[in-house]
Amino acid sequence: MTLPFFVYGTLRPGEVNHDLFLRGRTRSEVPGRLSGAVLYEGPGYPYAVEEPGGGVVCGELVTAHPQTYAELLAELDRLEDYVPGDPRSLYERVERKVVRDADGAVVRAWVYVAAPAVAARLRTSGRPIAGGDWRARG
């Protein structure tokens with residue numbers, strides 16, 4: 001399934017991984033928000049942890065050029081240490097509804113959220129990022 005990506009950490013424009021992975025491969029990058037998640041500090045990158053009724057995570061909806069999509073998807077899965085079905089993965093790639101800031105439209109997108117074991121650890125002893133915006137952290 002070809003969906004845009006919702007990025008909220010090091011893949012956002014101006015962050016360290018944006019140019020390495022996304023420059024020249026995207027058709028659009030627009031601000032958006034993911035509801036029902038809390039953003040936590042990680043070791044140099046954040047984790048979105050799903051929490052029904054939880055907070056909001058700020059980021060961008062990134063639409064890849066069709067000719068770069070398959071390769072980009074595979075590269076992002078590797079970057080995010082996501083292997084389908086592997087309990088050692090740090091993240092899971094899930095389809096979620098994201099609200100586009102410009103017009104309030106709801107868009108289905110791929111989101112990398114903390115894998116269950118990581119999420120459990122963060123809920124217990126992690127440090128949430130106030131306001132859900134990686135760029136606004138202290």
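What share of the contacts in the protein with a separation of 6 or more comes from residues 24 or more positions apart? In this predicted model, such residues account for 67% of those contacts.

## Fold and dimensions

Three helices and seven strands make up the secondary structure of the protein. Read from the N terminus, the elements follow the order β-α-β-β-β-β-α-β-β-α. The radius of gyration is 14 Å, close to the 14 Å that the globule rule gives for 138 residues, so the protein is as compact as a globular protein of that length. The C-alpha trace spans about 40 × 35 × 25 Å along its principal axes.

## Burial, surface and charge

Of the 138 residues in the protein, 46% are buried. The exposed area comes to about 7,100 Å², and carbon and sulfur atoms supply 53% of this area.

The protein carries 17 positive and 18 negative charges. The mean positions of these two sets lie 2 Å apart.

## Helix H2 and its surroundings

Helix H2 covers residues 69-79. Its buried residues are Tyr 69, Leu 72, Leu 73, Glu 75, Leu 76 and Asp 77, a list that includes the acidic side chains Glu 75 and Asp 77.

The buried residues of H2 pack against elements from several parts of the chain: strand S1 (5-7), helix H1 (16-21), strand S5 (56-64), strand S6 (91-100) and strand S7 (106-114). Just after H2, Asp 81 adopts a positive phi of about 50°.

Notes: Residues numbered from 1 in each chain as written. Predicted model: local features only at pLDDT ≥ 70, side-chain atom pairs only at ≥ 80, totals over all residues. Heavy atoms only, no water. Helix = DSSP H or I, 4+ residues; strand = E, 2+ residues; numbered from the N terminus. Rg over C-alpha atoms; globule rule 2.2 N^0.38 Å. Buried < 20%, exposed > 50% of the residue type's maximum accessible area, 1.4 Å probe, protein only. Contact = heavy atoms within 4.5 Å. Areas by Shrake-Rupley, 256 points an atom, 1.4 Å probe, with all protein chains shown as cover. Lys, Arg positive; Asp, Glu negative; His and termini not counted. Charge placed at Lys NZ, Arg CZ, Asp CG, Glu CD.
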